[in-house]
Amino acid sequence: MTLLTVDSLSKTFGSGSRRGTHSEVEAVIDLTFKVEEGEFLTIIGPSGCGKSTLLRLLAGLVQPDSGQIHLKGQTLPDPSDRQGRFGFMPQRDTLLPWRTVLENVILGVELAGGSRDAAREEARQLLPLFGLDGFENNWPSTLSGGMRQRAALLRTFLAGYDILLLDEPFGALDALTRRMLQQWLLGVRTRFSKTILFITHDVDEALLLGDRMLVFSPRPGRITADLKIDLPHPRDENTILEPEFLALKRNALAHLKL
Amino acid sequence: MGTPKLLVPAVVLIVFAAIWELAVLVLAVPKWILPAPSAIWQAFWDTRALMGAHVGQTMLEVAIGIGVALMTGVTVAAVLDISPWLRRAVYPLLVISQTVPILALAPLLIIWFGFGIAPKVIVVTLFCFFPIAINTSDGLTSTEPELIDLFRSMGATWPQIWMKVRLPAAAPYFYSGLKIAATYSVAGAVVGEWVGAKQGLGIFMLRSSAAFQTAQVFSAIVITSLLSILLFLTVFAIERGTMPWYFEERNGSS
């Protein structure tokens, strides 16, 4: 079943004149794609290609100049229609420093007016899976970078949205931690069949995690390729060494023109 | 851990007092020009029965003054934050207003508001308002836009964004302002009393000075300092109590 349909979405920033100079930046042009329920869609492209703009358009933080967004067959024209419908996880670490891990991860439920006690209970049960067991009362500043990202992911998971929008969640981590979190996310994926849009600039990561991959051109961002990643599950750290993986990677790099 | 940190300045203070005591003794400085620390202590002991009422009056002015400065300062900061236009118009004026010597205003306040508590409270408020308003305003502008984006994407309402992000994010700035204000406040009340009052540390200083009771002036100065330190520590304790995460962060970060 198709969960999300993005139809000819375009966005130009800085339209209008400021102090006489017209500085317009075309961020994304004519984005059209569909996302099936339970699909893990990775989006890759050079930096500044408008990948993040796509997520911000979906999350209701930016309004498109043209095009439409349909979720579950329902058109969402206004930003306020889209806010609270997508589990958006911004690129930068956004845990609230004045809340403990537990109080951070229930934020989505709390803002939506749900039961905080029920959310806490659910969070406690998920803490071990997210590698946060015993850290529920810690301040975020006492956690490692990898743990902070897992806590932010748990917050996004718990909020109970239909689609998660993850903007380079592992981008700021060191290579080793990133590897570990990729493996961990593959494991978590087998337990929750969430629909995920996952932005990355790492081809290996995009192919290892995704069911499908969209390739963006340099700015202004257009979709230049829509590749199915038919690697068998379960995948692990050796998957990236398989001939099938390398063939997919060669193809992806050709589309990225790297 | 904290003891050695305080030990060194304490020793320096004691040495300083000893040199002072000795210098006054050796040079035979008249008591009405510069009393020795022992004479100041004596003056404090002799006037201790009087001081309760004076300290009480001054601290009452301080409490009301800080209270008014808190309400107006935070309100002004919030209003400036809500309206960018007002911010552009008012923020520079706020800074310029600080160049007006409050000391010079005190006699005018007596003319306008009489000899009651009002002019003293106003002086305290004038001293305390600025650091609270400016720091809170800076704190509100410092909220990370990513956090606000996150909240908006979660469908948060405007009051939720204020209560759960903007105010907590501004709290460390607010407390820096409040600590500065608390330190200024007692001196502000004393200045207000200099111009005319029936009771308070300021008028006690003025009367002692007119009677050449210099040791009593010093005693009042020391009490004023101690009260300021006490207020500062009180704010610091409240800060620690309400923002445990902030101190954990500063200790934990390498």
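Visitor: What makes S9(A) and strand S10 of chain A a pair, and in which sense do they run?

Guide: Five bridges link S9(A) to S10(A), residues 223-228, in the antiparallel sense. Strands pair if DSSP finds at least two bridges between them, so these two qualify. One of the matches sets Val215(A) against Ala225(A) in S10(A), and a hairpin of six residues takes the chain from S9(A) to S10(A). Before we go on: this is a predicted model, with local features needing pLDDT of at least 70 and side-chain atom pairs pLDDT 80 or more, while totals for chains, interfaces and linings use all residues. Residues count from 1 along each chain as its sequence is written, with chains lettered from A and ligands numbered from 1 in the order in which they are written.

Visitor: How do you know which way strand S3 of chain A runs against S9(A)?

Guide: The four bridges between S3(A), residues 40-44, and S9(A) are parallel. Across that pairing, Ile43(A) sits opposite Leu214(A).

Visitor: What makes S9(A) a mostly covered strand?

Guide: Four of the five residues in S9(A), 212-216, are buried. Buried means 20 or more other C-beta atoms within 10 Å of the residue's own; 12 or fewer is exposed, in between is partly exposed, and C-beta atoms are placed from the backbone.

Visitor: And H1(A): how many of its residues are buried?

Guide: Eight of eight, across residues 51-58. Among them are Lys51(A) and Arg56(A), along with Leu54(A), Leu55(A), Leu57(A) and Leu58(A). H1(A) counts as a helix because helices are DSSP runs of H or I with at least four residues (strands are E runs of at least two, and both are numbered from the N terminus). After H1(A) comes Gly60(A), with a positive phi near 80°.

Visitor: Where do the domain bounds in chain A come from?

Guide: From an automatic or database domain assignment. Domain 1 is 35-61 + 73-85 + 162-258, and domain 2 is 95-161. Their C-alpha centres are 23 Å apart.

Visitor: How many residues of each domain are in contact with the other?

Guide: 14 from domain 1 of chain A meet nine from domain 2 of chain A; contact means C-beta atoms, placed from the backbone, within 7 Å. H7(A) gives the most to the domain 1 side, four residues. By class, that side has 10 nonpolar, two polar and two charged residues. Here nonpolar is Ala, Val, Leu, Ile, Met, Phe, Trp, Tyr, Cys and Pro; charged is Asp, Glu, Lys and Arg; the others, Gly among them, are polar.

Visitor: Why do you place the largest nonpolar core between the two domains?

Guide: Both domain 1 and domain 2 of chain A give residues to this core, so it lies between them. A nonpolar core joins buried Ala, Val, Leu, Ile, Met, Phe, Trp, Tyr and Cys residues through C-beta atoms within 7 Å. This one has 73 residues, and Leu154(A), Leu158(A), Leu165(A), Leu197(A) and Phe198(A) touch the most other members. H6(A), residues 145-158, supplies the largest share, seven residues. Not counting residues up to four places away in sequence, Leu165(A) touches residues including Leu55(A), Leu58(A), Phe86(A) and Leu197(A). A second, separate core of 54 residues includes Tyr175(B) and Leu201(B).

Visitor: Which helix of chain B gives the most to the side that touches chain A?

Guide: The contact uses 17 residues from chain B and 19 from chain A. H7(B) gives the most on the chain B side, with six residues. That side divides into seven nonpolar, five polar and five charged residues.

Methods:
Two residues are in contact if their C-beta atoms, placed from the backbone, lie within 7 Å.
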